[in-house]
Amino acid sequence: MKTAKSSTEKELAGKLLIDVAFARAHRWTEREFNQLRYKEDFVIHVPMTKRSWAVGKFDLTVLGDHKWHLTDRDRIDLVFYSRKAAVFYAYFTQRKRYQLADTLVRYDQDVAKYRDEVEFYSQKLAQQLKNKKFTFDTQLYQSRYLESKARYNSAKKELEKTLNQTKYTKVWDQIL
């Protein structure tokens, strides 16, 4: 009487075959993704994780509230206030439209600077009002706060205007 051949060998061989097929498929998709990602004429915008995206050859990561970190390996390392500005900067840089990209960076940095000023002066003003001190410093903080807020609003409008003008560069259909 012969003993029956074990089915575990067949199951193990089947699992190994499936693992090899998945590994090949994974390598193929990574290779194809990288070929698409680094093309100059077609910029893709793909989520990589919950907090990061691939925008063409750039990586975009969330740092916090209104802070987006954009890197191109080790060459470009910028922090943006606006996600849209970061995405369009990556798009314009990859398409070699540097003048538009530099304009976006300048406006975005202005918005970030004025937002930080507004936060700083609002905290100082709140601290003075909490202590119920109405001194020269209180008036100074209040005037600087109002001035910073006005500059912040105008810089934000200018950034939004610039971002809205990107629709004339026929970008919207490709990346957003």
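## Strands 1 and 2

Two strands count as a pair if DSSP finds at least two bridges between them. Strand 1 and strand 2 pass that test, with 4 bridges in the antiparallel sense. Across this pair, Val46 stands opposite Ala54 in strand 2. Strand 1 covers residues 45–49, and strand 2 covers residues 52–55. Together they form a hairpin, with 2 residues between them. The model described here is a predicted one.

## The chain as a whole

How many helices and strands does the protein chain have? It has 5 helices and 5 strands. Read from the N terminus, the elements run α-β-β-β-β-β-α-α-α-α. One helix thus precedes the strands, and the other helices follow them.

The protein chain has 176 residues, and 32% of them count as buried. Consider next the contacts between residues with a separation of 6 or more. Of these, 46% join residues 24 or more positions apart.

## The sheet

The 5 strands form an open sheet. Their order is 1-2-3-4-5, and the pairing is antiparallel. Which strands stand at the edges? They are strand 1 (45–49) and strand 5 (76–80). Each has a single partner strand, so one side of each is left without a neighbour in the sheet. Neighbouring strands are turned against each other by 25° on average, direction ignored.

At the strand 5 edge, strand 4 and strand 5 pair over 5 bridges. The sense is again antiparallel. Here Trp68 stands opposite Phe80 in strand 5.

## Asp72 in strand 4

Strand 4 also holds Asp72. Is Asp72 buried or exposed? Asp72 is buried, because its relative accessible area is 3% and the cut-off for buried is under 20%. Set aside the neighbours within four places in sequence, and Asp72 is in contact with Lys57 and Phe58.

## Two loop residues with positive phi

Two loop residues have a backbone feature to look for. The first stop is His66. Where does His66 lie? His66 is in the loop between strand 3 (58–64) and strand 4 (67–72). Its phi is positive, at about 60°, although His66 is not a glycine. The relative accessible area of His66 is 34%, so this residue counts as partly exposed.

The next stop is Lys96. This residue lies in the loop between helix 2 (83–94) and helix 3 (98–130). Lys96 is not a glycine either, yet its phi is positive, at about 60°. Lys96 has a relative accessibility of 48% and counts as partly exposed, because exposed means over 50%.

## Helix 2 against helix 3

On either side of the Lys96 loop are helix 2 and helix 3. Their axes come within 8 Å and cross at roughly 160°. How do the two helices run relative to each other, roughly parallel or roughly antiparallel? They are roughly antiparallel, because angles over 145 degrees are counted that way. The crossing of helix 2 past helix 3 is left-handed.

Which residues make the contact? Helix 2 brings Ala85, Phe88, Tyr89, Phe92 and Thr93. Helix 3 brings Tyr98, Leu100, Ala101, Leu104, Val105 and Asp108. By class, the residues of this contact divide into 9 nonpolar, 1 polar and 1 charged.

## Helix 3 against helix 4

Helix 3 also meets helix 4, which spans residues 136–164. The axes of helix 3 and helix 4 come within 8 Å and cross at roughly 155°. That angle makes helix 3 roughly antiparallel to helix 4. Helix 3 passes helix 4 in a left-handed crossing. The residues of this contact divide into 14 nonpolar, 7 polar and 11 charged.

One residue of helix 3 is Leu129. Leu129 has a relative accessible area of 41% and is partly exposed. Which residues is Leu129 in contact with, leaving aside its neighbours within four places in sequence? They are Phe134 and Thr138. Thr138 falls within the residue range of helix 4, 136–164.

Conventions
Residues are numbered from 1 along each chain as its sequence is written. This is a predicted model: local features need pLDDT of at least 70, side-chain atom pairs count only at pLDDT 80 or more; totals for chains, interfaces and linings use all residues. Side-chain values use heavy atoms; hydrogens and water are left out. Buried means under 20% relative accessible area, exposed over 50%, partly exposed in between (1.4 Å probe, protein chains only). Axes are lines fitted to C-alpha atoms, for helices over the stretch in contact, and angles run from 0 to 180 degrees between N-to-C directions. Contact means heavy atoms within 4.5 Å. Angles under 35 degrees count as roughly parallel, over 145 as roughly antiparallel, 65 to 115 as roughly perpendicular and the rest as oblique. A crossing is left-handed if the near helix is turned anticlockwise from the far one by less than a right angle, and right-handed if clockwise. Ala, Val, Leu, Ile, Met, Phe, Trp, Tyr, Cys and Pro count as nonpolar, Asp, Glu, Lys and Arg as charged, and the others, Gly among them, as polar.
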